[in-house]
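Visitor: Hi, could you walk me through this structure? I'd like to hear about pockets, cavities and charged contacts.

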Amino acid sequence: MSRTPAHRAAVGTRARPGVHQVRSPSSAIVAGTRRQRTTVASTAVLGGTEAEARALADELDGLIIPARAVRQLTELIGVDLTDHPLDARLPEFPPVSHVNGAKSRFELVRDLAQREGLTLRQLLGRLGGGRGHQVVAGTPEQVADHIELWFTTGAADGFNVMAPLLPSGLEDFVDHVVPLLRARGLFRSEYTGRTLREHYGLPRPVSRYTATASV
């Protein structure tokens, strides 16, 4: 996860196609125009070295109980995979219009499996760590590099950080990654508002009930 110009260009190219998928569910009206804020869900697996972090990620994946995970996946996407061989590639998924559950989760799982040609076992491993979202395994510096890259290339306005372990995973992120982000001017040292809307710098819309009462 070095920060060479070639690496920055390559990651930036991969990041941008996913922006609309992340942005489309949430938006806000700012100054009469639609202003979208992008937040990316990401799991950070930290280690003293990249090898240590990847070993921890593999160890956590190894704790997955396949039979239980397959049942959960079947319920999540509405496709019965209980009899599918673990080491075979995923079957063809039905059209999203035929899914009665969470369509966005179905599309996330389907796209991940098809894009990387995953077997069922591999898919369970990917979903076990980040629930289908980003999993970044590395040193605190590498994780900070990743966050900085996505932010500075316009791929994300913020991150929903999901710890792989609680409470230690969250504590490690706060203790080792947040100081690096602050030193780079990427993370606040104190809050300037009381609500999430204020933290995003979004104006409060006029309440339709207030407007009705004043007529």
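Guide: Happy to; what follows is a chat about a predicted model.

Visitor: Let's start with the open space. What volume does the second largest pocket have?

Guide: The second largest pocket has a volume of about 710 Å³. Of the 23 residues lining that pocket, Asp157, Gly158, Phe159, Phe187 and Arg188 are the closest to its centre.

Visitor: And which elements give two or more residues to that lining?

Guide: They are helix H7 (140-152), strand S5 (158-162), helix H8 (168-183) and helix H9 (196-200).

Visitor: How does the pocket lining split by class?

Guide: The lining of the second largest pocket has 13 nonpolar, 6 polar and 4 charged residues.

Visitor: Now the enclosed space. How many cavities of 30 Å³ or more are there?

Guide: The count comes to 1 cavity of 30 Å³ or more. About 50 Å³ of space lies in the largest cavity.

Visitor: Which residues line the largest cavity?

Guide: Its lining is made by Ser42, Ala44, Val136, Val143, His146, Ile147, Phe159, Val161 and Phe173. Strand S3 (39-46), H7 and S5 are the elements that give two or more residues to this lining, and the largest share, 3 residues, comes from H7.

Visitor: What classes are those lining residues?

Guide: The largest cavity has 7 nonpolar and 2 polar residues in its lining, and no charged residues. Phe159 turns up here as a lining residue, and Phe159 is also among the residues closest to the centre of the second largest pocket.

Visitor: Changing topic: how many salt bridges does a search of the whole structure find?

Guide: That search finds 6 salt bridges. One of them joins Asp145 and Arg184, with the closest N and O atoms 2.9 Å apart. This pair links distant parts of the chain: Asp145 is in helix H7, while Arg184 is in the loop between H8 and H9, 39 residues apart.

Visitor: Is Asp145 buried or exposed?

Guide: Asp145 counts as buried, because its relative accessibility of 14% is under the 20% cut-off. Its partner Arg184 is partly exposed, with a relative accessible area of 30%.

Visitor: Which residues are linked with Asp145 in a network of salt bridges?

Guide: Glu148 and Arg184 are linked with Asp145 in that network.

Visitor: Which residue forms a salt bridge with Glu116?

Guide: Arg126 does, and the closest N and O atoms are 2.5 Å apart. Here too the pair links distant parts of the chain: Glu116 sits in helix H5 (residues 103-116) and Arg126 in helix H6 (residues 120-130), 10 residues apart. Glu116 is partly exposed at 38% relative accessible area, and Arg126 counts as partly exposed at 31%.

Visitor: What about Arg54 and Glu50, where do they lie?

Guide: Both lie in helix H3 (residues 50-62), 4 residues apart, about one turn of the helix. In their salt bridge the closest N and O atoms are 3.0 Å apart. Arg54 counts as partly exposed at 42% relative accessibility, and Glu50 counts as partly exposed at 26%.

Visitor: Last one, the surface. Which residues make the nonpolar patch of about 300 Å²?

Guide: Leu166, Leu170 and Val174 make that patch. Leu170 lies in helix H8, and H8 also gives two or more residues to the lining of the second largest pocket.

Visitor: Why can Leu170 belong to a patch if it's only partly exposed?

Guide: Leu170 has a relative accessible area of 40%, so it passes the over 30% cut-off for patch residues.

Technical notes
Residues numbered from 1 in each chain as written. Predicted model: local features only at pLDDT ≥ 70, side-chain atom pairs only at ≥ 80, totals over all residues. Heavy atoms only, no water. 1 Å grid on protein atoms, 1.4 Å probe; cavity = no way out; pocket = protein on both sides within 12 Å on 5 of 7 lines; lining within 4 Å. Points joined across faces, edges and corners; volume = space filled by probe spheres on them. Nonpolar A, V, L, I, M, F, W, Y, C, P; charged D, E, K, R; others polar. Patch = residues over 30% accessible without salt bridge, like charges linked within 9 Å, V, L, I, M, F, W, Y side chains within 5 Å. Areas by Shrake-Rupley, 256 points an atom, 1.4 Å probe, with all protein chains shown as cover. Salt bridge = Lys/Arg side-chain N within 4 Å of Asp/Glu carboxyl O. Buried < 20%, exposed > 50% of the residue type's maximum accessible area, 1.4 Å probe, protein only.
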